[in-house]
Amino acid sequence: MPQVPQTLDALAVRTWCGLALEALGRAREEIDAINVYPVADGDTGTNLYLTVESAAAAVEAVFAGYETVAEAGGDRPASDRPASDGTFTDSTFTDGYESAVVTGDEGAAAVSHDAAPLGAGTRRPTLADAVQAMAHGALIGARGNSGTILAQLLRGMAQVLATASETAHTDGQGLRLALRRAADSARQAVAHPVEGTVLTVASAAADAATGAEGDCGVVARAAYEGARAALLATPGQLAVLERAGVVDAGGRGLVAVLAALVQTFTGEAPGALTVPVEAHARVHESVTHVTGVGDVDTDGCSAGRSDAHPDGCSDVCVDGAPEGSGPAFEVIYLLEAEDAAVARLRDRLDGFGDSLVVVGGDGLWNVHVHVDDAGAAVEAGIEAGRPYRIRITHFGLGDVHTGGTAGRPPRERAQRAVVAVVPGEGLAGLYTEAGATVVLARPGEPPASGELVEAVRRAHAREVVLLPNDADLRHTAAAAAEQARAEGVRAALIPTRSAVQGIAALAVHEPERRFDEDVVAMTSAAGATRYAEVAVAERQSWTMAGICQAGDVLGLIDGDVAVIGSDLTATAETVLDRMLAAGGEMVTLVVGDDAPDAVAAHLESRVRESYLAVDTVVYRGGRQGALLLIGVE
């Protein structure tokens, strides 16, 4: 049996996140299938997976940062360590091309080996480093009710485990306290808690852990067994679950996460959990009978007031809910605001709709609510502070939550689709016009593999070509392609490293020809396109071209810093000349919002006057991070 940790330290947190992600990946479809309420759109398993994926990525970034800076030597500066809320500071370049310190504008840190800052360090992550990163990653990546509540569970644990910032590990007693805080804080985050949900499962896990004496493995197994028993009892607590013949979906996901915790400390996963799962027809038939305002969110939220019954369930939970009366929109956003402003926001949003969950603290919050007036929910956030990463989802006409008609024929699958990650709104429009399904990657916010999988599902095609358009996203895209294949989709990954390579690939895409031939043609076009970008350094760093200072203009060719200059136009011209020195037939310029308009005009003129028979095309990239992207075919 492989060696396993006896205490909870940073490495154990890393292992737990990885095992939890694997467990949710295996159980995702099962959990989606039993997601019957309040919106029977089968996404609880997916939302939990995406939330844990974000948490795991943040933890991995902490370890990668320490491992990378260890190669450079020296002491890691305090400014590059996680703050008390788990955030990270000091991005290296404005385009998100990070150096070898842990960076990221919202804790979703990234590491690159292409440039190492002066004064890197060798310290290993502490327990506080790991749990704060885990909690913050979950907070900023939380999806849906279930993911938002899970984020608060992880935050509650982190509040206990990170009390002493330099503590190397904690024992069974510390884990017991962490599980108790997790359950209590999650319940407090929900506007109208209801039993028979993930909140009940979390409380049962904490109760069972409290009575366990021993090391972390003993405590984790007790928590798992308590959660498992509570999960199996949920159909008797909520009529909607009993009618559908399923257990609570959010609770099922939490049991999978706790099973991963047991495996972390014992090296063995608990036995397979057998839960009742009836046919989808029965699930959806049952849910249709109970839809309406005042229903219960099986992820832990009462969808309306709970005055009618002492257990928090309104009359609608029993029977006879009017169909079609649920809110039309799900609104989720991150919010920077003070505690007092968030308290007022809770009260205000509680009057707008249902399924209200507000999690977080220390100035950063994740807000989730179902409403009819999405604009009012966002405006309330603006009045409270600074909302961003705003996601508004309309519950479609076919959704039982909005009383849509059943029996609508399924949309026919397309034969082939292209799914592409693009860095800005302008390019997103260009790719969409060309027929691609787009995943938008905002600066500092790389998409997770689950988001690419969701895009593949939206494309609804038998064959899919993936264009990551970023070297750092290759493994993410590969994981998405593997998941797509597991779902019966023929998927191919073309390892494009820049959006300009993606444009070249998309230009030769022909859905009518054989799949293999199309993939070969697209791959050849992408590979024949050299790529570059122009960005501004935010601080002093080592690069392949020497030491750059804050404010210097950097020209990166094929991913490496090749030019350091002081003027944007001159640096861009030097980069372009170097690229065309090896020949070329077509130059593609993608201009970001922060770049002067004169840059594109100057480069077009330069190509026209100095390079015969070379064409130039210019696109507006929007808020794409880099000031300028250049492609030469």
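In this predicted model, helix H19 passes helix H20 in a right-handed crossing. Two packed helices are described by the angle between their axes and the distance between the axes. For H19, which spans residues 568-580, and H20, which covers residues 597-610, the axes come within 10 Å and cross at roughly 35 degrees.

As for who touches whom, H19 brings Leu568, Thr569, Ala572, Glu573, Leu576, Asp577 and Leu580 to the contact. On the H20 side, the partners are Val599, His602, Leu603, Arg606 and Val607. Leucines turn up on both sides, with Leu576 among those from H19 and Leu603 from H20. Charged residues join in too, including Glu573 and Asp577 from H19 and Arg606 from H20.

Zooming out, the protein's secondary structure adds up to 20 helices and 18 strands. Of its 633 residues, 57% count as buried. Looking at contacts with a separation of 6 or more, 72% come from residues 24 or more positions apart in the chain. The exposed surface comes to about 24500 Å², and carbon and sulfur atoms supply 51% of that area.

Then there are the rings. Aromatic pairs are simply missing here, with a count of zero for the structure. Rings do pick up charged company, though: the charged end of Arg14 sits over the ring of Phe63, 4.3 Å from the ring centre. Arg386 does likewise with a tyrosine, lying over the face of Tyr388 at 4.3 Å from the centre of that ring.

Technical notes: Residues numbered from 1 in each chain as written. Predicted model: local features only at pLDDT ≥ 70, side-chain atom pairs only at ≥ 80, totals over all residues. Heavy atoms only, no water. Phe/Tyr/Trp six-rings, centres within 6.5 Å; stacked < 30°, edge-to-face > 60°. Lys NZ or Arg CZ within 6 Å of the ring centre and 35° of its normal. Helix = DSSP H or I, 4+ residues; strand = E, 2+ residues; numbered from the N terminus. Buried < 20%, exposed > 50% of the residue type's maximum accessible area, 1.4 Å probe, protein only. Contact = heavy atoms within 4.5 Å. Areas by Shrake-Rupley, 256 points an atom, 1.4 Å probe, with all protein chains shown as cover. Axes fitted to C-alpha atoms, helices over the stretch in contact; angles between N-to-C directions. Left-handed = near helix turned anticlockwise from the far one by under 90°.
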